[in-house]
Amino acid sequence: MASDPRAALDEFVSALQRHFDAAAGRRSELDPTVVAAYDELASAFVAYDDALFDAFDEVTPFDLTDDDDDEDDDEDDDEDEDEDDDDEDDEDDDDDDEDQDQDDDDQDDKPDEHHPAPL
C-alpha cells in the first residue's frame, strides 16, 4: 500500500525539526536524543522518497548511505585525489610548455646584438 506523499512530507519536515532541536541541545558526542532523532530523520526521508516515487514516479536528489559505505567511499576519494594530483601535474607541464613557447615567440620579436631589428 502506497503512503500519501503529503503526509510523508509533513513527517519528514517534522523529523528535520526534531533533529535540529536535538542537535541544538546536544549534551555529548553520542547523545541518545540526537542519535534517535538522526535515525527517525533517516526513516522519515526514506518513507517520503518512497511515497514520492510511488505517487509521482519522482525521486529526490539525496542518497542515504550506510556507515560501511562511507568508509569505502573515503578510500575511493583518496584514490581519486591521487589521480587528480596526477592530472594537475600534467596540466602544469602543459602550462610550462605554453610559457616556454610564449617566451620563444617574445624573443623572436626582440632584436639582439647579432640580429638588429629591421627598419
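# Briefing: a three-helix chain and its helix 2 core

Helix 2 has 25 residues and spans 36 Å from its first C-alpha to its last, close to the 36 Å expected at 1.5 Å a residue. The structure is a predicted model. The secondary structure comes to three helices and zero strands, and along the sequence the pattern reads α-α-α. The largest nonpolar core has nine residues, and six of these, the largest share, come from helix 2.

**Chain as a whole**

- The chain has 119 residues, of which 13% count as buried.
- About 9900 Å² of the chain is exposed, and carbon and sulfur atoms supply 45% of that area.
- Among contacts in the chain with a separation of 6 or more, 44% are between residues 24 or more positions apart.

**Helix 2 and its ends**

- The buried residues in helix 2 are V34, A37, L41, A44, F45, Y48, D49, A51 and L52.
- Helix 1 is included in what covers these buried residues of helix 2.
- At the start of helix 2, D31 places a side-chain oxygen within 2.9 Å of the backbone nitrogen of T33.
- Just after helix 2, D57 takes a positive phi of about 55 degrees.

**The largest nonpolar core**

- The core consists of A8, F12, A15, L41, A44, F45, Y48, A51 and L52.
- Helix 1 (5-24) and helix 2 (32-56) each supply at least two residues of this core.
- The contacts of A15, leaving aside residues up to four places away in sequence, are with E40, L41 and A44.
- Of these partners of A15, L41 and A44 also belong to the core, and both are listed among the buried residues of helix 2.

**Aromatic pairs**

- Three aromatic pairs are found in a search of the whole structure.
- F12 and F45 form a tilted pair, with 5.7 Å from centre to centre and 55 degrees between the planes.
- This pair links distant parts of the chain, since F12 is in helix 1 and F45 in helix 2, 33 residues apart.
- Both F12 and F45 are buried.
- The rings of F12 and Y48 have their centres 5.8 Å apart and their planes at 5 degrees, so this pair is stacked; the cut-off for stacked is under 30 degrees.
- F12 lies in helix 1 and Y48 in helix 2, so the pair ties together parts that are 36 residues apart in sequence.
- Y48 is buried, as is F12.
- F12, F45, Y48 and F62 are linked into a cluster by ring pairs.

**T60, in the loop after helix 2**

- T60 sits in the loop between helix 2 and helix 3 (67-109).
- The relative accessible area of T60 is 15%; buried means under 20%, so T60 is buried.
- The side chains of T60 and D49 are joined by a polar contact of 2.9 Å.
- D49 is itself one of the buried residues of helix 2.
- Leaving aside residues up to four places away in sequence, T60 touches F45, Y48, D49 and L52.
- Among these partners of T60, F45, Y48 and L52 are members of the nonpolar core.

**Partly exposed positions on helix 1**

- S14 is found in helix 1 and is partly exposed, with a relative accessible area of 25%.
- From S14 to L41 the C-alpha distance is 8.6 Å, and the two residues are 27 apart in sequence.
- A7 also lies in helix 1.
- A7 has a relative accessible area of 41%; partly exposed covers the range between under 20% and over 50%, so A7 is partly exposed.
- The C-alpha atoms of A7 and A47 are separated by 9.9 Å, while the residues are 40 apart along the chain.

How values were computed. Residues numbered from 1 in each chain as written. Predicted model: local features only at pLDDT ≥ 70, side-chain atom pairs only at ≥ 80, totals over all residues. Heavy atoms only, no water. Core = buried A, V, L, I, M, F, W, Y, C linked by side-chain atoms within 4.5 Å. Buried < 20%, exposed > 50% of the residue type's maximum accessible area, 1.4 Å probe, protein only. Helix = DSSP H or I, 4+ residues; strand = E, 2+ residues; numbered from the N terminus. Contact = heavy atoms within 4.5 Å. Phe/Tyr/Trp six-rings, centres within 6.5 Å; stacked < 30°, edge-to-face > 60°. Areas by Shrake-Rupley, 256 points an atom, 1.4 Å probe, with all protein chains shown as cover. Expected span 1.5 Å × (residues − 1). Polar contact = N/O pair within 3.5 Å; in protein donor to acceptor, adjacent residues only side chain to side chain.
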